[in-house]
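Thanks, everyone, for making the time this morning. I would like to walk you through some side-chain and helix contacts, so please have a look at the structure before I go on.

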Amino acid sequence: MIELKGITRRFGKTVAVDGIDLTIETGEVCVLVGSSGCGKSTTLRMINRLLPRSSGEILVDGEDVNDIDPQALRLNMGYVIQSTGLFPHWTVARNIGLVPDLLKWPARRREQRVNELLTLLGLDPETDAARFPHQLSGGQAQRVGVARALAGDPNILLMDEPFGALDAITRELLQQEMLRIQKQLNKTTVFVTHDIDEALRLATRIAVMDQGQIIQHDTPEAILRQPASAFVENLLGRGDRGLKLLALRTVGEVMERHPEPRRPASDTTGLNEADSLRVALSAMVWENVTQLPVLSKAGSEVGIVKREQLLQVRP
Ligand SMILES: Nc1ncnc2c1ncn2[C@@H]1O[C@H](COP(=O)(O)OP(=O)(O)OP(=O)(O)O)[C@@H](O)[C@H]1O
Ligand SMILES: [Mg+2]
């Protein structure tokens, strides 16, 4: 879907991006991760031609982006940035409706689309549509930024540290929302962050960048299991990589399922199938037990998870 071939960008003597090759498949979330100044934003902005490249090729569905009219190109690529870039003197509805407006959608369809997106992003069409950006919290403004990027139903989403300015709890909430929306819409996404946990959580594949180059490009699990260099190992953090590996798997994947659902003992702490193994281990440590029941949404016990199963996740 998106192919970068030998892409380089220089600013004077600085080589911001240094001959990178990267293929992003249709529907995947590719996360560019790396420390400040390694060339993540520059890479993203060459994809939608906000920046011209110095050399190399960028193909979208086989077509070089330089052969596509920049306006048309950007209408097909939603772009979300940390500072949201919302127009301060426009209402939320008008901000979200920007691209549908440019696409000359009839007013009714535009309004429907705005309401649909507000709802999708957990905002309230009744109260939030008429607000101005300064009347929103950081998290709400960020949601509006994502809604605006989705409004014209682009095939591609480019997101540059969209949740970077938010507190940890709001950030995690928006990451969950993003995973949910991604399941529903399946947009080809290039997501930039310097937060490795965010990368591990959201990515289909991660491209680790350092000094304008891609050091490793693989699935979160593969990168955790086999970091390509000491640089990647440090980025992952040696202290808790076992926990990070546990965080990638869910209880549902390893639990021993009962042949029939049972009634749980009255005072047990239970896990859900969707909980990560990291959550399961934490619960076992907290409860000081070696196994925990897994409960269904309806509250019946559908299986158990044992501590040994968690400790065997690496091989
Ligand atoms: N317009 C510009 N003029 C000159 N140098 C630039 C320009 N934009 C970026 N650079 C340089 O290119 C390099 C890569 O910058 P880039 O913004 O892509 O980094 P980044 O990985 O997005 O960093 P951060 O995590 O801090 O956002 C840096 O050395 C930066 O100083
Ligand atoms: Mg940047």
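Phe163 and Phe191 are both buried, and I should say straight away that what we are looking at is a predicted model. How many aromatic pairs are there under the rule for ring centres within 6.5 Å? The count comes to two.

Let me take the pair of Phe87 and Trp90, whose ring centres are 4.6 Å apart and whose planes stand at 50°, so that this pair is classed as tilted. Phe87 is partly exposed, at a relative accessible area of 32%, while Trp90, at 15%, counts as buried. The other pair brings us back to Phe163 and Phe191, with 5.9 Å between the ring centres and 55° between the planes, so this pair is tilted too. Because Phe163 sits in the loop between strand S7 (156-160) and helix H8 (168-185), and Phe191 in strand S8 (residues 188-193), the pair ties together parts that are 28 residues apart in sequence.

Trp90 also has a charged neighbour, since Arg94 lies over the face of its ring, 3.8 Å from the ring centre. Likewise, Arg109 is placed over the face of Trp105, at 3.7 Å from the ring centre.

Finally, the helices: the axes of H7 (residues 138-150) and H8 come within 11 Å and cross at roughly 20°, and angles under 35 degrees count as roughly parallel, so that is how H7 and H8 run relative to each other. The crossing of H7 past H8 is right-handed, and the residues in contact include Gly139, Gln142 and Leu150 of H7, together with Leu173, Glu177 and Ile181 of H8.

Note on methods: Residues are numbered from 1 along each chain as its sequence is written. Chains are lettered from A and ligands numbered from 1 in the order in which they are written. This is a predicted model: local features need pLDDT of at least 70, side-chain atom pairs count only at pLDDT 80 or more; totals for chains, interfaces and linings use all residues. Side-chain values use heavy atoms; hydrogens and water are left out. Rings of Phe, Tyr and Trp (its six-membered ring) pair if their centres lie within 6.5 Å; planes under 30 degrees apart count as stacked, over 60 as edge-to-face and the rest as tilted. Buried means under 20% relative accessible area, exposed over 50%, partly exposed in between (1.4 Å probe, protein chains only). Helices (H or I, at least four residues) and strands (E, at least two) are DSSP runs, numbered from the N terminus. A charge sits over a ring if NZ of Lys or CZ of Arg is within 6 Å of the ring centre and within 35 degrees of the ring normal. Axes are lines fitted to C-alpha atoms, for helices over the stretch in contact, and angles run from 0 to 180 degrees between N-to-C directions. Angles under 35 degrees count as roughly parallel, over 145 as roughly antiparallel, 65 to 115 as roughly perpendicular and the rest as oblique. A crossing is left-handed if the near helix is turned anticlockwise from the far one by less than a right angle, and right-handed if clockwise. Contact means heavy atoms within 4.5 Å.
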